[in-house]
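Here is a brief report on one protein model. Have the sequence and the coordinates open as you read.

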Amino acid sequence: MSGRLFRIDGTNVTELPGTHFKIERDLQRLLEQHLPTFLGIRFLASEYSTGARHGGRIDTLGLDENNFPVILEYKRHTNDSVINQGLYYLDWLVNSKAEFRLLVQEQLGTDVAAEINWSNPRLICVAGDFTRYDSYAVQQINRSIELVRYVRYGEAHLMLEPVNTPVSPATPRTPAVTPATGSAALTDPTNGSGAVTPDNVETTLRKGSGELQARFAALDEFIRSMLDVQMKPTKLYFAYRKLRNFATVVPGPTKNELWLYLHLQPGEIDLDPRFMRDVSAVGHWGTGNLEITLANDEDLESVKPLIRMAYEAG
């Protein structure tokens, strides 16, 4: 078990003992009741049967904030079978897309079901601890497998700690691609001009200018320099998360702009109206209530403290 938690009362310092749930189902029930808060996941089903032929029962099924399907499996303590068991269910999931889509449609609606992203289904294994062999094993498997360690401190505190950082898909890191003539194929979906949906956000980025790609590479490098950060490209944006999203990036409507969305409360930030705005009540691609337009390198440098604030809050 890594990490130690202390209570400070004046000059007295007491270590709080870390424990595990006595019953695995209690851990599962707690997370299922608060999935959006803990992990940025919308709950779909508990103890979901994969049918008589497959013969399995998935602990929790969900859909994350980027519309990736998610399987969650739980174990109270270190358990070698949780990863293999999760892989067994992940294979069922990718071969049962129609059934999963129907479940999403029933629970979250037709519009959400139409936006399911099958490029990166996730398996999250939550346990009291993992071995170094577990961490090594998941790095050798070409699947998005996340190990999350939990520690319970008394009745009022629960810690969730990422154990590994899954390998992210490659993204453009240099301005070596010859930019297309004109602006990137994105328009503001809120300005009434009619948004143009790109094939995917990586293609859109490659169509931008060399300056745009270099700025994205600098932003991407800064965000991923922080611990336990995963980057996942969706169709419309790049998502950065620890256990849940804390920042998303969209190539802007001009060839030199990036839109950065942070999971911060705009009312608690001293907004610079030149390039920041509150979008909590405005439809937009990506997730997060604070929109920042990065049109030059100076803007990027000035918002790095806000990015770190969102990371720490997330």
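## The cavity

The largest cavity has a volume of about 30 Å³. This is a predicted model. The count of cavities of 30 Å³ or more comes to 1. Rolling a probe the size of a water molecule over the atoms shows where empty space is left.

Which residues line the largest cavity? They are E146, L147, V148, P162, N164, Q230, K242 and L243. By class, the lining divides into 4 nonpolar, 2 polar and 2 charged residues. Strand β7 gives the most to this lining, with 3 residues.

## Strand β7 and R149

Strand β7 covers residues 144–153, and R149 has its place there. Is R149 buried or exposed? Its relative accessible area is 10%. The cut-off for buried is under 20%, so R149 counts as buried.

The side chain of R149 has a polar partner. A polar contact of 2.8 Å joins it to the side chain of D129.

## The mixed sheet

Strand β7 also belongs to an open sheet of 6 strands. The order is β3-β4-β5-β6-β7-β8, and the pairing is mixed. At the edges are β3 (41–49) and β8 (157–162), and each pairs on one side only. From one strand to the next, the twist averages 25 degrees.

Strands of a sheet pair through backbone hydrogen bonds, either parallel or antiparallel. One pair here is β4 (residues 57–64) with β5 (residues 69–75). These two strands run in the antiparallel sense and are joined over 4 bridges. To find the pairing in the model, start at L63: its bridge partner in β5 is P69.

## The antiparallel sheet

A further open sheet is formed by 6 strands, in the order β9-β10-β11-β12-β14-β13. Its pairing is antiparallel. Why is one side of β9 and of β13 left without a neighbour in the sheet? Strands β9 (230–233) and β13 (276–278) stand at the edges, and each has a single partner strand, so one side of each stays without a neighbour. Neighbouring strands of this sheet are turned by 20 degrees against each other on average, direction ignored.

Inside this order, β11 (residues 245–251) pairs with β12 (residues 258–262). The sense is antiparallel, over 5 bridges. V249 is a good place to look: L260 in β12 stands opposite.

## Where to look again

Return to β7 last. This strand holds R149, takes its place between β6 and β8 in the mixed sheet, and gives 3 residues to the lining of the largest cavity.

Terms used: Residues numbered from 1 in each chain as written. Predicted model: local features only at pLDDT ≥ 70, side-chain atom pairs only at ≥ 80, totals over all residues. Heavy atoms only, no water. Buried < 20%, exposed > 50% of the residue type's maximum accessible area, 1.4 Å probe, protein only. Polar contact = N/O pair within 3.5 Å; in protein donor to acceptor, adjacent residues only side chain to side chain. Pairing = 2+ DSSP bridges. Axes fitted to C-alpha atoms, helices over the stretch in contact; angles between N-to-C directions. 1 Å grid on protein atoms, 1.4 Å probe; cavity = no way out; pocket = protein on both sides within 12 Å on 5 of 7 lines; lining within 4 Å. Points joined across faces, edges and corners; volume = space filled by probe spheres on them. Nonpolar A, V, L, I, M, F, W, Y, C, P; charged D, E, K, R; others polar.
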